[in-house]
Amino acid sequence: TIRFSNHALRELANDNLTSIDAENVLQSPHSRINSEGEMENGSFRYRVETGNILIVISFTSFTTLVVVTAWRKKK
């Protein structure tokens, strides 16, 4: 299951992106993920990115992840 924080939905909208764009980043064979993760606010967060979009995710269980924030990368 993929959930979106309110913050992520606002940030996606600010960059003219949708939740579908974020889901596509997760599914893309060209995505890169920082496998180390970063501890923030009591949970590990991971950056997942393609050439154009970066999302930050956190796992809330073995079957659920939350998109914490997202943005379009500047060129």
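This tour moves from the whole chain to selected residues, with a note at each stop on what to select.

Before selecting anything, note that this is a predicted model, in which local features need pLDDT of at least 70 and side-chain atom pairs count only at pLDDT 80 or more, while totals for chains, interfaces and linings use all residues. Residues are numbered from 1 along each chain as its sequence is written, and side-chain values use heavy atoms, with hydrogens and water left out.

**The whole chain**

Select the protein chain and show it as a cartoon: two helices and six strands appear, following the pattern β-α-α-β-β-β-β-β along the sequence. The radius of gyration is 12 Å, close to the 11 Å that the globule rule gives for 75 residues, so the chain is as compact as a globular protein of that length. That radius is taken over C-alpha atoms, and the rule is 2.2 Å times the number of residues to the power 0.38. Helices (H or I, at least four residues) and strands (E, at least two) are DSSP runs, numbered from the N terminus. Along its principal axes, the C-alpha trace spans about 30 × 25 × 20 Å.

Switch to a surface next: the chain exposes about 5,000 Å², of which carbon and sulfur atoms supply 50%, the areas coming from the Shrake-Rupley method with a 1.4 Å probe. Buried residues make up 36% of the 75, where buried means under 20% relative accessible area, exposed over 50%, and partly exposed in between (1.4 Å probe, protein chains only).

**The aromatic pair**

Select Tyr 46 and Phe 59 and display their side chains, since the structure holds one aromatic pair. Their ring centres lie 5.9 Å apart with the planes at 65°, so the pair is edge-to-face; rings of Phe, Tyr and Trp (its six-membered ring) pair if their centres lie within 6.5 Å, with planes under 30 degrees apart counted as stacked, over 60 as edge-to-face and the rest as tilted. The pair links distant parts of the chain, with Tyr 46 in strand E4 (residues 43-49) and Phe 59 in strand E5 (residues 53-59), 13 residues apart. Tyr 46 counts as buried at 17% relative accessibility, whereas Phe 59, at 46%, counts as partly exposed.

Keep Phe 59 selected and add its contacts (heavy atoms within 4.5 Å): leaving aside neighbours within four places in sequence, these are Phe 44, Tyr 46, Thr 64 and Leu 65. For a distance label, draw one to Arg 3, which is 56 residues away along the chain, with 9.9 Å between the two C-alpha atoms.

**Thr 69**

Move to Thr 69 in strand E6 (residues 65-72), which counts as buried at 12% relative accessibility. Not counting residues up to four places away in sequence, Thr 69 touches His 7, Ala 8, Glu 11, Leu 54, Ile 55 and Val 56.

**Two asparagines in loops**

Most residues other than glycine have a negative phi. Select Asn 16, in the loop between helix H1 (6-14) and helix H2 (19-27), where phi is positive at about 55° and the relative accessibility of 69% counts as exposed. Then select Asn 41, in the loop between strand E3 (38-40) and E4, whose phi is also positive, near 55°, and which is exposed with a relative accessible area of 69%.
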